[in-house]
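Trainee: Could you take me closely through one part of this model, the place where two neighbouring helices pack together, and set it in the context of the whole chain?

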Amino acid sequence: MTTSTAVLRDDLPVTVSFTRRADPAHAREMTAWIRAGLSMAESFPGFLGGGWVRSRRDADEWHMLARFADHTALAGWEASAERQWWLRSAQGLAEVTRTERRTGIEGWFDAPVAEEVSAAPATAPPRWKQSITIWLVFFPMNLLATVTLGAALTDVHVVLRVLVMTAVLTPVMVFVMLPWITARLSWWLQGTRRLRSAGSAGSGRRRR
């Protein structure tokens, strides 16, 4: 089992995704088990939604996702007696293969989580698109800080100068610029413009 955890701030929404492997012959049992777990999670404060999906009908892996308002809400669910009972009820039925938590900067690229149990969460944009998006605000901000704040601190020791500049830039990047740029590039990050264009072209061909 491989576990990857990346919790950057406790007050940010956190998404936990996990994969279970089970015999496809037990599909009905797995469906009931997943729905029971998500149904119980819905009653906990801070639960924002969840879903599950299989890659194909005869696949032996079940991919599940749940989102909570913050790390405290997730911890409350994970430590609950209800969740412990739910996990124990799958012994002999399902095997854990992977668990991942996402929050912080990476969480800005998460697609909205469907609240229907059978809905599949949309995939995040490619890493190269995420990198370009971050660079588009990082470069001009770093350049501006260098010619203004950096110039004003020329006589300060380089370590202290970089410390001051990063302390100023980081909150502006995290709370202002990255949310701003990702909101305006969401069509490109998620590829929605291309889909709409393709749909319009298809409609035009049908009209002909």
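Mentor: The accessible surface of the protein chain comes to about 12,800 Å², and carbon and sulfur atoms account for 59% of that surface. This is a predicted model, and in it buried residues make up 34% of the 208 residues of the protein chain. The protein chain has 7 helices and 5 strands, which follow one another along the sequence in the pattern β-β-α-β-β-α-α-β-α-α-α-α. If one takes the contacts between residues at least 6 apart in sequence, 76% of them join residues at least 24 apart.

The part to look at closely is the pair formed by helix α4, residues 127–152, and helix α5, residues 158–184, whose axes come within 10 Å and cross at roughly 145 degrees. The crossing of α4 and α5 is right-handed. On the α4 side, the contact is made by Thr133, Ile134, Val137, Phe138, Met141, Asn142, Ala145, Thr146, Leu149 and Gly150, while α5 contributes Arg161, Val164, Met165, Val168, Leu169, Val172, Met173, Met177, Leu178, Ile181 and Thr182. Sorted by class, the residues of this contact comprise 15 nonpolar, 5 polar and 1 charged.

Between α4 and α5 runs a loop, and Leu153 lies in it. Is Leu153 buried or exposed? With a relative accessible area of 19%, Leu153 is buried, because the cut-off for that class is under 20%. Leaving aside residues up to four places away in sequence, Leu153 touches Arg161 and Val164, and both of these also belong to the α5 side of the helix contact. Measured out along the chain, Leu153 and Val164 are 11 residues apart, and their C-alpha atoms are 9.1 Å apart in space.

Val162, by contrast with the buried Leu153, is partly exposed, with a relative accessible area of 43%, and it is found in helix α5. The C-alpha atoms of Val162 and Thr146 are separated by 9.7 Å, the two residues being 16 apart along the chain.

Another helix pair can be set beside this one. Helix α1, residues 27–41, and helix α3, residues 81–88, pack at an angle of about 175 degrees with their axes 10 Å apart, which makes α1 roughly antiparallel to α3, since angles over 145 degrees count as such. Here the contact is made by Trp33, Ile34, Ala36, Gly37 and Met40 of α1 together with Glu82, Trp85, Trp86 and Leu87 of α3. The residues of this α1 and α3 contact divide into 7 nonpolar, 1 polar and 1 charged.

Conventions. Residues numbered from 1 in each chain as written. Predicted model: local features only at pLDDT ≥ 70, side-chain atom pairs only at ≥ 80, totals over all residues. Heavy atoms only, no water. Axes fitted to C-alpha atoms, helices over the stretch in contact; angles between N-to-C directions. Helix = DSSP H or I, 4+ residues; strand = E, 2+ residues; numbered from the N terminus. Parallel < 35°, antiparallel > 145°, perpendicular 65-115°, else oblique. Contact = heavy atoms within 4.5 Å. Nonpolar A, V, L, I, M, F, W, Y, C, P; charged D, E, K, R; others polar. Left-handed = near helix turned anticlockwise from the far one by under 90°. Buried < 20%, exposed > 50% of the residue type's maximum accessible area, 1.4 Å probe, protein only. Areas by Shrake-Rupley, 256 points an atom, 1.4 Å probe, with all protein chains shown as cover.
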